[in-house]
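Trainee: I'd like a close look at a single part of this one, a strand and whatever pairs with it. Could you walk me through it?

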Amino acid sequence: MHCGRYTSDPINRRQMLARCANGFGAVALAALMSEWTGDSALSAETTAGSQAGTRPAATGALASLHHPPRAKNVIFLYMDGGPSQMDTFDPKPLLNKEHGRPFKMTIEPTQFNNNGSTFGCPWKFTQYGQSGIPVSELFPHVAQCVDDLAVVRSMTSNFSEHTTANYFLHTGSGLQGRPSMGAWFGYGLGSECRDLPGFVVLHGGLMPPGGIDCFGSGFLPATFQGSIFKPEGESIANVRSREKTGAVARNKRALLRQLDEAFLTRAGNADAVESAITNAELAFRMQAAVPELVDLSHETVATKKLYGIDAAYEQTRIFAAECLLARRLVERGVRFVELTCPQISGEDRWDAHSALKSNHESNARAVDQPIAGLLRDLKSRGLLDTTLVVWAGEFGRTPFAQGSNGRDHDPFAFSIWLAGGGIRGGTIYGRTDEYGYKVVENKLTVHDLHATMLHLLGVDHKRLTFRFSGRDMRLTDVHGEVVREILV
Amino acid sequence: MSQVGNQCHGQWLRMIALFVACSLPVIADAESPTSPSPVFSDELLEFFEKEVRPLLDKRCYECHSARAKKLQGGLRLDSRAAVLEGGDTGPAVVPGKPKRSLLVDAINYGELYQMPPRSKLPKKEIAALTKWIELGAPWPKENAAVAKSSGDSSGFDLAERRAAHWAWQPIERPTPSAVKNLSWPADDIDRFILAKLELKGLAPAEAADKRTLIRRAFFDLVGLPPTPEAVDRFLGDESPRAFERVVDELLASPRFGERWARHWLDLIRYAETYGHEFDYPIEHAWQYRDYVVRALNADVPYDQFTIEHIAGDLLSEPRLHPTEKFNESVIGTGFWWFGEQVHAPVDVYDHEADRVDNQIDVLGKTFLGLTLGCARCHDHKFDAISTADVYSLWGFAKSTRLQMASLDPHGRIAAAAREIDAIQRDLTSVGNARSLPAVAGGVPSAELTNHPRPLHDKAFADFDGDDFTGWFVTGEAFGDRPTRGGDWTSRDGKMHWLPAGSAHSGRLSHKFTGALRSKNFTIKEPQIAYRIAGKDAQVRLIIQGYRMDTFNPLLFSGGSFKVDHEDLKWHVQAGDLRNHLGKRAYIEILDDGDGWVAVDEIRFVEAGSEPPEDASSSQEAAPAHELARASEKLTAAAAKIAAVEKTIPTPMRVLAATDGDGFDDRIHIRGNTKTLGDVTPRRFLTAIADDQQLAIPPDAGSGRLQLAQYVVSRDNPLFARVLANRIWQHLFGRGIVATVDNFGVLGDRPSHSELLDHLATRFIDEGYSIKRLIRAMMLSRTYQIASRASAKLDEADPNNLLIHRQNLKRLEGEALRDAMLSLSGRLDLTMYGPPVRTYLTPFMFGRGRPNQSGPLDGAGRRSIYLEVRRNFLSPMMLAFDTPLPASTVGRRNVSNVPAQSLILMNDPFVAEQARRWAERSLFSASGERESPDSAGLRVTSKEEVQRTKDESGDEVRHRIEWLYREAFARPPSDKEVDIAAEFVKQQAAEYGESPWRRSLAAWTDLCHTLFNAKEFVFMD
């Protein structure tokens, strides 16, 4: 766990030091320095979605943004296991007509190779909003927000195994050990938060197959790794001070400052030592900031209700807390927030290999109201204009049954949606065949999604690179195109 | 609602109707791009111009024409000749044959291509293009110049690139330039450094003081802080060779191998699980870690060490462990297998390609400093490495198989096999085995009661020959041949006769283990039938090298089966085999324990057909006197064999490579496993070994030994340079080539190229001794200078590229943890063995999470002995930049994140070590040398003792001095003592318990704060 880059510009720091009579300055100034970092560039700009001009990024690798950004934060709602497209946002009446009959298209190899007949959708679709986008009964709350959504029905993946598809969705590569998108955003754009990490994963209870490497920094510096927060209890590892009294902690901190002050002088004010000192100061501050973040007692009853914090269903309550925390993180300038789903007893994520009906109903029940609450709350606070919200799983599900009542993995087509900063709401993009099995129009790849997300934050995905292994690595590898059709 | 997307347009029905009436030109079946373009009728040309060319223009030319910004797939569709010539994967169109035309497949979103990539064409457009091809692909006459396709414009010229880049040039033997300051250099290393400094008018920093130097040497060489006694000894030694003694002692310490093995494991992406979804274990992986520790401590020459990694299983005279006398060399080959592995891959060929890519990537970066992975999809963009070079290396990996090798300490197993063989040879005179079953002491082996039917024409193996030709044998169990008439085996104290013509792992003794592996074959039938018997044995079908089915059989059901029946019976291997037709596979017959297996015949069986029924056999009687004589002999033999069997130890199992038959891979065009190009015979890199080198002969197995010899050859300028540079990096904080894993064009150029060559030459001359090279570097003046220099020097060389000072280094996570254990007295220096289970925090979750946590303090063992679970890596190590085991990482990140501070402040491990260290200080510093026991229960028993001496001023000063000397290898200043004493007093006031507890808590706080001090975390 960590926060974006807390070390501020070396030249400024040097100048600062030069002004200190005894040659020691960083420790005393540490707090001030990180305030600086926090307040610089991006955060001073854009409220209520005004189009900012090109401006320097906070403390990321980019000296300046490549073009005016439409958003400055991302909330990624990760639907672990792969929700079914034809049961959520891509209605296929033909499926119900041919239900139980042999599937007519050629079937590609599947994960379980236990393919049954054509499998109709058990839920009704209704058109909503001005746009009339159809949404299934699984998402009654999100359906009320469709005019803010760009529904992409033509998403694809290169992989039909969870782990590889997870790595692919998160890192743009099916292999373990590449930097996650949140790490890339932090690397490129830096952090605006004063005392929180720049890439936070709110852990609802389900760790995706592939584990924490889905949120890793790969070859990027560890600074940019996703920090895993639990929505309750001790939210980050080791953030709770274990000192018996405040005085015990203060004395230790004071002694440490003295020791480090002396060592820094002896080490000739070496940058590395100075940065380590700055970081220790930040760590001290995080001990207060994180508990404050997760303390929801100051939220109004109405707000909590909006998210479903009081819901009857325990998993709804968990995801509601995650969504509310996501808003609070964005408010504090955290660049990239990812949410994982809560654990539902008896169900294996959205991974409905059998009993599709109970699986999807439980999962949708857990996330629907909290997501709608998040969208509305962000909107009412003017934050939706500067926050990009993405809802996606790692792949979709087959239009034919697995066994009698499940669906296997379908990487050839699935539905995702985007909302918020720079997104043209009320849009449907892409089309699948009449069964929803494969994309036939406007195929979108994970690289395209990443390119579009970076674009919205003012970054040209081809120009955000990191030299590793003899190559200038990119989140989008050598692929990716911005999908302008879903942008404002 | 706004629907965004392509719209259908064009009136195609009309067009199709028009052309049904057209007469077709005569099209040659195999029209080649060079054959003269046929002349088409005006109607056909009009159709092309109106309906096809605009369509091609609109849908395809952005990527497949002269106007493409970047031509995709090497394919142009803007001339007929180009269309016929096609792109990387061959002709796009076969005129008149839509079904054989790749273009038609692509626009129908076939397996290989789905074009255009964004959206499938409207049905009418697909129909038009199909029709156009059916009509013979009419196109107006074009002149040759236009028609000529763009061809290969990449401009890849390997020889030119080799000539242009420094790393490919032979290693020179440079002499250092003259230096002005003659008194400073102690070694040529210093002369190279000083010469460059003097060129800029600079001088090196002052020598580091002795305390700094010894702390630096301890952390660099053994990864632990020096004890106050070691510091005192060094300070007291005024001889000019004092530091040399320290270095030699440390190099001779077993702790050296433990420290430097971790550097090596970073290169090899060492892990003990496979990662992916469930993080299945890599069995016996830790034996490799121990091998590296031993090899570094024994200073095994680096060329030998490298050969062992690539081909240690193939050495005719392997290196033996000095006391245990087992084959060390073979353990090195474990390095091939530490990559990530996936279970249930939907495309097993793709998965193999990913594994092999990783193997070759690690091989290239580790031993050659080359990024070979970059040439997987195209000739290297910058380096003299062609795609063919890379796939010729893939062949070595694909000719190589994983084995859990059985090692034989002291050769006891082999000796027993020889003895038993000799006893059995004596029995050949016993006579016709088949006639003896009725004799006491000579009983028929149960599996022999049936004869096989005559061989089917699809038999894959019958084992009727005199040896195992066509099979690969490892271990002792199968001996050197199948059974033949007159063979006996001993079991339960009796001799049993064996049938002729079986591969039998129990012939010599059931106690032996071993494996029999077939050559590669292509799966052409959905079933494989084995006439087989055995006990506690296993048969596996390894498809494209995939082995994870034993953890999770999904998509590979039936591939492995256990053999546990004593009668020869047909077993049919089927299940998912039907889904793997066309894949490359081999059969592995394993006897891993005290059981046995006998395979009489293996055949491929068509779908639906059953293996043949067995016919029953009849037995002939033998004359009585013959039986009596035989019986005596057999009884004696059984007793002798039983006695030998008692001496057979259980073999030591290690993860290793073993040879399969040679396989030359094909170029994967654009890295795609579905577009295979030319065969690339196995050979070494052209840029090093040129074109004249011999390809590996077909019968030579994988050829890894030849590869290894090329890698370590003096003609390879990279080999010695890359390692010398790695050592330099570990001692100086930065490589002479900073990009230690990439000596290519995109890597950094050497800061001191002559010095690098000097070190490489020295390394070769001194027999590739890693220890001697380390020693030479450390005894240089350059190593021993201070990490702090004057402001003037720092300004002149701000990034220290000229090495005017040493570099300040932050301790790695392992060294930091080991140092805390060392100070706390908890360090357990036990070496080797299975890893200590990972300690699981509440923040480590996900699939494959072990159901049991290991101890918080890793049982006090050094960090190298802690378990490395890919999906559950230690959060502390991750925070301090231990790399993910994905590929070679020769240069770790040195990041600076608050998590590091949070760990040091609040992690219970750190707090516990601080408490232990405080306890030690309360006892040891006052002269009592005993260390607290591990449970910390002595606290109350010592209470009385402490109460009496706790508060004395001298005692406090003494204790503070001792802590400083332990942590920083220096005594505190008076001021520091005062500050610390005052702190302890303040803290004690906050703890209101018994005096002992108050004292312990206060001193623990001091120790904890010292752990947090940057002086502790950094090494200057």
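Mentor: Sure, let's take β10(A): seven of the seven residues of this strand are buried, so β10(A) is largely enclosed by the rest of the structure. Buried here means that 20 or more other C-beta atoms, placed from the backbone, lie within 10 Å of a residue's own; 12 or fewer makes a residue exposed, and anything in between is partly exposed. Strands are DSSP runs of E with at least two residues, helices are runs of H or I with at least four, and both are numbered from the N terminus.

Before going further, keep in mind that this is a predicted model, where local features need pLDDT of at least 70 and side-chain atom pairs count only at pLDDT 80 or more, while totals for chains, interfaces and linings use all residues. Residues are numbered from 1 along each chain as its sequence is written, and chains are lettered from A and ligands numbered from 1 in the order in which they are written.

Now the sheet around our strand. In chain A, three strands form an open sheet in the order β2-β10-β11, with antiparallel pairing; strands count as paired if DSSP finds at least two bridges between them. β2 (115–118) and β11 (406–410) of chain A stand at the edges with a single partner strand each, so one side of each has no neighbour in the sheet. On average, neighbouring strands here are turned by 65 degrees against each other, direction ignored. That angle is taken between axes, which are lines fitted to C-alpha atoms.

Take the β2(A) side to start with. Two bridges join β2(A) to β10, which covers residues 396–402 of chain A, and the two run antiparallel. If you want a spot to click on, Thr118(A) has Phe400(A) in β10(A) as its bridge partner.

Over on the β11(A) side, β10(A) and β11(A) pair over four bridges, again in the antiparallel sense. Ala401(A) finds its bridge partner in β11(A), namely Arg407(A). These two strands make a hairpin with three residues between them, and Gly403(A) in that hairpin takes a positive phi near 60 degrees.

For contrast, have a look at a helix in the other chain. α20 of chain B (residues 704–712) is mostly covered, with seven of its nine residues buried. Leu705(B), Leu707(B) and Val711(B) are among those buried residues.

Notes. Axes are lines fitted to C-alpha atoms, for helices over the stretch in contact, and angles run from 0 to 180 degrees between N-to-C directions.
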